[in-house]
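Grab a pencil and open the viewer. Below are some short exercises, each followed by a worked solution.

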Amino acid sequence: MRSYIFIVLLAALGFSFQVFAGNEAHENKGAAKQTPAAGSTGKIDANVGLEMIIKGNDEFVKNHAEDYYLNIKNAQHPFLTMVCCSDSRVHTNAFSFDPVDKVFAIRVVGNQFIVGEGSVDYGIHHLNTPILLMFGHVHCGAVKAAMSDYRKESTFIISELDHLHIPLLLDDHNEDFESRWLKNVERNVDYQVELALHAYRDEVQKGKLTIIGAVDDFINAYGKGVGRIVITNVNGTKDVEAIKKHSVYSKISKELKSLSVGRVSDK
Ligand SMILES: [Zn+2]
């Protein structure tokens, strides 16, 4: 728990680790030209950063009347417990809807259940969210670091990365680095789903909980559109067609099924 809090604090302060930086250039094929994501224009100093936070919040306060808080003053009602990587390129605004009172978020590098398990357990057993989302992403720096020799990192970082070794055992090292990296991201998501299934099998079997594994694909690695969230695992099922037939997909159109389910790794 100590290291989890440490990472969350660092993430909140905008601290950057070289080891976690995904630095590969990527192209945006076929998409209309848009303004680059905020923060991609260069280093932001602390005073400018605080100005952004305070002015941004001032704008938020002015745009949200007291009515906005009416239903959340005394309790929270999320439908989603989310274990997401701390990576600054991955955020709930990719869902489009307002995450307030909807998403109970646990953010740790490499989207690891074991590092934030107390918080996850609160989401499942106290908030009773029907979905637990294990949310990884392409070009994950934590997965990349775990694929390399990281013994010179601090003991805090080493202990965090050590948990990623089990999913990486499936890496046969036969492909180019980029392909292995993507597959290892997916394998890590699979592993996090597997760990959660160990912890919450009863809830899943009783139909109270669905554990979903997904990858935020902001480089279009899956060919389904840049920025697409690709679901790769539902309750341990990795077969694409079986996932599409799962009851949790009952409200999704055929087109969106095809766009939202995918896999690059067969194990
Ligand atoms: Zn990551």
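Before you start, note that this is a predicted model, in which local features need pLDDT of at least 70, side-chain atom pairs count only at pLDDT 80 or more, and totals for chains, interfaces and linings use all residues. Residues are numbered from 1 along each chain as its sequence is written.

**Exercise 1. Work out which stretch of the model to treat with care.**

Step 1: Get the yardstick. pLDDT is the predictor's confidence in each residue, from 0 to 100.

Step 2: Check the whole protein. The mean pLDDT is 88, and 85% of the residues reach 70 or more.

Step 3: Look for the weak stretch. Over residues 1-31, pLDDT stays under 50. Where pLDDT is low, the predicted coordinates should not be read in detail.

**Exercise 2. List the secondary structure in order.**

Step 1: Know what counts. Helices (H or I, at least four residues) and strands (E, at least two) are DSSP runs, numbered from the N terminus.

Step 2: Count them up. You should get nine helices and five strands.

Step 3: Walk along from the N terminus. The order is α-α-β-β-α-β-α-α-α-α-β-β-α-α.

**Exercise 3. Find the heart of the largest nonpolar core.**

Step 1: Sort out "buried". A residue is buried if 20 or more other C-beta atoms lie within 10 Å of its own, exposed if 12 or fewer, and partly exposed in between, with C-beta atoms placed from the backbone. By that rule, 33% of the 267 residues are buried.

Step 2: Build the core. A nonpolar core is a set of buried Ala, Val, Leu, Ile, Met, Phe, Trp, Tyr and Cys residues joined through C-beta atoms within 7 Å.

Step 3: Pick the best-connected members. The largest core has 50 residues, and those touching the most other members are Met82, Val83, Leu133, Met134, Ala142, Val185 and Ala214. Helix α7 (residues 177-205) gives this core its largest share, eight residues.

Step 4: Zoom in on Val83. Contact here means that two residues' C-beta atoms, placed from the backbone, lie within 7 Å. Leaving out residues up to four places away in sequence, Val83 touches Ile106, Asn111, Phe113, Gly116, Val120, Met134, Phe135 and Gln192.

**Exercise 4. Compare the surroundings of Ser96 and Asn111: is each one buried or exposed?**

Step 1: Recall the background. Most residues other than glycine have a negative phi, and most peptide bonds are trans.

Step 2: Read the angles. Ser96 has a positive phi of about 80°, and the phi of Asn111 is positive too, near 40°.

Step 3: Place them. Ser96 sits in the loop between β1 (80-84) and β2 (103-107); Asn111 is in the loop between β2 and α3 (117-125).

Step 4: Count neighbours. Ser96 counts as exposed because it has 7 C-beta neighbours inside 10 Å. Asn111 has 32 other C-beta atoms within 10 Å, so it is buried.

**Exercise 5. Show that helix α5 has a buried side.**

Step 1: Pick out the buried residues. In α5 (residues 155-162) they are Ile157, Glu160 and Leu161.

Step 2: Look down the axis. The buried residues of α5 fall within an arc of 95° (taken from the directions from the helix axis to the C-beta atoms), so they line one face. An α-helix has 3.6 residues a turn, so residues three or four places apart point the same way.

Step 3: Turn the helix around. The face away from the buried side carries the exposed residues Thr155 and Asp162.
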